[in-house]
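Subject: A structure to look at

Hi,

I'm handing over the structure we talked about, with some notes for a newcomer. Please have it open while you read on.

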Amino acid sequence: MERAEEIAMFRTALRIADLHPDPITLPDDHQVIVGSMRFHYLDWGGTGTPILFLHGGGLTAHTWDCVAVMLRDRFRCVALDQRGHGDSEWSPTIDYRIAAHVGDIEGFIDSMRLERPILVGQSMGGLNSIAYATRHSDAMRAMVIVDVAPEISTSGAERIRDFAGTPELDSPDAFLDRATRFNPLRDPAVLRRSLHYNLRETPAGKWVFKHDQRRRSDDAMRAFTEDRTRFADHVSKISCATLVVRGALSDVLTDDSAEKFARSLPNGRLARVEKSGHNVQGDNPRALLDAMLSFFRAAGIN
């Protein structure tokens with residue numbers, strides 16, 4: 001796709017979200033080696049406090065585009081394709097445990113020299129952010145956790161797992177049809193743009209999601225669940241200001257679980273974003289931005 005077409009798709013998504021950055025630009029694409037793996041990331045530039053955005057399972061760094069473009073003037077916005085996702089390398093040993101992700105984040109932050117970053121993570125990216133913060137919150141400015149907590153609804157997570165496990169289909173339009181039925185909250189034009197960055201064509205002419213489907217095996221999911229529940233006992237170590245965001249229509253994070261998690265944090269706060277499900281940043285990016293900016297102001301972050 002030509003750059004002009006990408007800009008046009010982005011302009012449409014921003015208009016639907018009632019967001020109006022000036023100018024409308026796309027981030028720079030970069031690659032970096034962390035440890036023995038190659039990672040792709042999006043860099044929006046800027047010289048302010050760095051924000052590292054971490055996407056959810058089955059998504060890509062582009063899920064944050066509408067949020068990052070509105071923050072780029074005040075913050076240094078960087079979004080990472082985590083291992084096995086987007087245009088980053090797949091784990092050769094099929095290691096997608098939280099500890100492996102945390103090691104990647106540690107190496108990426110060091111490599112990029114992101115000093116006292118704000119971590120913004122959704123779903124899988126949120127869990128990875130929480131785990132990172134249990135070790136490094138004293139070196140973080142703040143954290144925003146979107147629609148996830150150590151305690152989640154397994155039925156909602158299974159519904160997402162089923163969709164993310166969609167087998168190869170004949171065309172991007174076939175994926176769009178499934179995505180529209182999976183998430184009727186989202187405008188099809190926005191879903192089409194998301195799929196543009198999250199699909200690849202096989203040598204046989206079929207289309208598949210870019211993420212490594214092996215990470216969704218029963219064994220891998222059991223291990224990930226064990227990791228998630230295990231670090232619940234360590235969230236009290238997180239000293240940085242933390243905003244817990246729940247999508248009001250989410251079937252993954254309940255109000256009770258979100259409130260419980262926010263209360264367990266020494267400096268935690270809670271926000272509920274209306275008209276959004278689990279993927280808050282895609283369903284209602286404007287309201288998420290409002291919640292984040294209010295949180296930043298209250299925390300004294302410019």
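Let me start with Ala17: with a relative accessibility of 14%, Ala17 counts as buried, since the cut-off for buried is under 20%. Before going further, please keep in mind that this is a predicted model. You will find Ala17 in the loop between α1 and β1. Its C-alpha atom lies 6.9 Å from that of Asn284, although the two residues are 267 residues apart in sequence. Once neighbours within four places in sequence are set aside, Ala17 is in contact with Pro285 and Arg286.

The loop between α1 and β1 (28-34) also holds Asp22. Is Asp22 buried or exposed? Its relative accessible area is 69%, so Asp22 is exposed, the cut-off for exposed being over 50%. If you look for Val69, you will see that its C-alpha atom and that of Asp22 are separated by 9.3 Å, with their positions 47 residues apart along the chain.

Next come the helix pairs. Two packed helices are described by the angle between their axes and by the distance between those axes.

For the first pair I'd like to show you, take helix α1 (residues 3-16) and helix α7 (residues 188-196): their axes cross at roughly 135° and come within 9 Å. The two helices, α1 and α7, are therefore oblique to each other. Their crossing is left-handed. Which residues of α1 and α7 meet there? From α1 there are Met9, Phe10, Thr12, Ala13 and Ile16, and from α7 there are Ala189, Val190, Arg192, Arg193 and His196. Sorted by class, this contact of α1 with α7 has six nonpolar residues, two polar ones and two charged ones.

The other pair is made of helix α5 (residues 154-164) and helix α6 (residues 172-182), which pack with their axes 11 Å apart, at an angle of about 170°. That angle makes α5 roughly antiparallel to α6, as angles over 145 degrees count that way. On the α5 side the contact is made by Arg159, Ile160 and Phe163, and on the α6 side by Arg178, Ala179 and Phe182. By class, the contact of α5 with α6 has four nonpolar and two charged residues, and no polar ones.

Helix α9 (residues 255-264) is worth turning around on your screen. Which residues of α9 are buried? They are Ser257, Ala258, Phe261 and Ala262. These four cover an arc of only 130° around the axis, so they sit on the same side of α9. Asp256 and Arg263, on the other side of α9, are exposed. What do the buried residues of α9 pack against? Their partners are α4 (124-136), β6 (142-146), β9 (241-247) and β10 (268-273).

One last stop is Ala220, in helix α8 (residues 218-230). Its relative accessibility is 23%, so Ala220 counts as partly exposed. Along the chain, Ala220 and Asp95 are 125 residues apart, while their C-alpha atoms are separated by 8.3 Å. Apart from neighbours within four places in sequence, Ala220 is in contact with Arg214 and Arg215.

That is what I have for you so far. Happy browsing!

Best wishes

Terms used. Residues numbered from 1 in each chain as written. Predicted model: local features only at pLDDT ≥ 70, side-chain atom pairs only at ≥ 80, totals over all residues. Heavy atoms only, no water. Axes fitted to C-alpha atoms, helices over the stretch in contact; angles between N-to-C directions. Parallel < 35°, antiparallel > 145°, perpendicular 65-115°, else oblique. Left-handed = near helix turned anticlockwise from the far one by under 90°. Contact = heavy atoms within 4.5 Å. Nonpolar A, V, L, I, M, F, W, Y, C, P; charged D, E, K, R; others polar. Buried < 20%, exposed > 50% of the residue type's maximum accessible area, 1.4 Å probe, protein only. Arc of directions from axis to C-beta.
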